[in-house]
Every structure is written in C-alpha cells, then in structure tokens.
Amino acid sequence: MQFFEEVLVTGTDWLIIFSGMAAIAWVNWYFFIAGSSSASAVIGGGGLQQITVKVAGGYDPANIQVKRGMPVKLVFDRQETSSCSEEVVLPDFGIRKFLPAHKQTSVEFTPEDSGSYEFTCGMGMLRGRITVEDEKEG
C-alpha cells in the first residue's frame, strides 16, 4: 500500500499557500509591530504623572515613559466595543481593571523599580509597554 503518490501543485494550490503566508505575516505585523507610538507621561501637580491611552484596536501610545518613585495615572480611553479590549492587565503591578466601552477609566500605581513593564488586554493580544526611568539629576 503506497501512502504517498506523486503530488502535483497547481496554480490554485500556490494561491492558497501564498494567501495563508500573507495572512500570517499581517497578523504578526498587526499585533506585534504596528501602532508602536511612544509618549512620556506629563508631570502635574503633586508630582502625579498622567497620560491618556486611547484604546481602539490597540493602545495609543503603546510605549509610555514614566519616572521611578512618582505616582502614575494612566487614563484608558476605550473608544470601541471589542470584547478583547474590555480589560487591561498590568501584571507586574497586580492590576486588572475593566474598561467600559466609550468611557475613560483611570489606573493608578507608583513604580518603585526602573525597568520595562508590559500591559495587555485580558486576552494578551493587545500589548503596550511602560518604561520606568530614574529621575535625572539636574
């Protein structure tokens, strides 16, 4: 009994293979490369660092710089109803917060250590990064 016979790859087969590879490349680009905007939190009264993060198919800005040892307030402005973005998780700070659609939700914490910390949606598909830097001596 012969399991493998001569296989002929047709033009349609090549089209399906190419389409599948293109779809994989697009998914990787969309979730891991696109929308990697950066911004620094603005220091306001009382030394509170604040920044608004737009939530719509991803996070904007996706990379946020803050200073170590100063309180941070991230205001997540969720502008969609996708179930993926209904929660934000900052695992290194022990934060998991529901984000109501078309509303702003604040998340507050004080980073004690310098470094890079990830935040994600509840499913881990949408990703952002908080970079905590030492305050520069002037």
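The following dialogue examines how several assignments in this predicted model are reached.

Student: Why is C121 not counted as part of a disulfide, given that the sulfur of C84 is the closest cysteine sulfur?

Tutor: The two sulfur atoms are 3.2 Å apart. A disulfide requires a pair of cysteine sulfur atoms within 2.5 Å, so the distance of 3.2 Å is too far for a bond. A search of the whole structure finds zero disulfides, and C84 is accordingly in none.

Student: What makes C84 and C121 buried?

Tutor: Buried means under 20% relative accessible area. C84 has 11% relative accessibility and therefore counts as buried. C121, at 1%, counts as buried because its value also falls under that cut-off.

Student: Why is S82 called partly exposed?

Tutor: The class lies between the buried limit of under 20% and the exposed limit of over 50%. S82 has 33% relative accessibility, so it counts as partly exposed. S82 is placed in the loop between strand 6 and strand 7 (87-90). The C-alpha atoms of S82 and A56 are 8.5 Å apart in space, although 26 residues separate them in sequence.

Student: How do you know that V9 is partly exposed, and where is it placed?

Tutor: V9 has 44% relative accessibility and therefore counts as partly exposed, since the value lies between 20% and 50%. V9 belongs to the segment before helix 1 (11-32).

Student: What makes V9 a member of a surface patch?

Tutor: Patch members need over 30% relative accessible area, and nonpolar side chains are joined within 5 Å. V9, with 44%, passes the first condition. The nonpolar patch on the surface is formed by V7, V9, W14, I17 and M21, which together have about 540 Å² of accessible area.

Student: Why are strand 1 and strand 8 described as edges?

Tutor: The open sheet has six strands in the order 1-5-11-10-7-8, with mixed pairing. Strand 1 (38-40) and strand 8 (95-98) each have a single partner strand, so one side of each is left without a neighbour in the sheet. From one strand to the next, the twist averages 20 degrees.

Student: How do you know that strand 1 pairs with strand 5?

Tutor: Pairing requires at least two bridges. Three bridges join strand 1 to strand 5 (residues 63-67), and the two run parallel, so the condition is met. One of the residues involved is S40, whose bridge partner in strand 5 is Q65.

Student: Which strands does strand 3 pair with, and what makes each a pair?

Tutor: The same requirement of at least two bridges applies. Strand 2 (residues 42-43) pairs with strand 3 in the antiparallel sense over two bridges, and V42 stands opposite Q50. Strand 4 (residues 59-60) is also antiparallel to strand 3, with two bridges; here K54 stands opposite D60. Strand 6 (residues 72-78) runs parallel to strand 3 and is joined to it by seven bridges, with R78 as the bridge partner of V55.

Student: What is found in the turns of the two hairpins?

Tutor: Five residues lie between strand 2 and strand 3, and G46 in that turn has a positive phi of about 75 degrees. The hairpin of strand 3 and strand 4 has three residues between the strands, and G57 takes a positive phi near 75 degrees.

Student: What makes the side chains of strand 3 alternate?

Tutor: Along residues 49-55, Q49, I51, V53 and V55 point to one face and are buried, whereas Q50, T52 and K54 point to the other face and are not buried.

Conventions. Residues numbered from 1 in each chain as written. Predicted model: local features only at pLDDT ≥ 70, side-chain atom pairs only at ≥ 80, totals over all residues. Heavy atoms only, no water. Helix = DSSP H or I, 4+ residues; strand = E, 2+ residues; numbered from the N terminus. Axes fitted to C-alpha atoms, helices over the stretch in contact; angles between N-to-C directions. Patch = residues over 30% accessible without salt bridge, like charges linked within 9 Å, V, L, I, M, F, W, Y side chains within 5 Å. Areas by Shrake-Rupley, 256 points an atom, 1.4 Å probe, with all protein chains shown as cover. Salt bridge = Lys/Arg side-chain N within 4 Å of Asp/Glu carboxyl O. Buried < 20%, exposed > 50% of the residue type's maximum accessible area, 1.4 Å probe, protein only.
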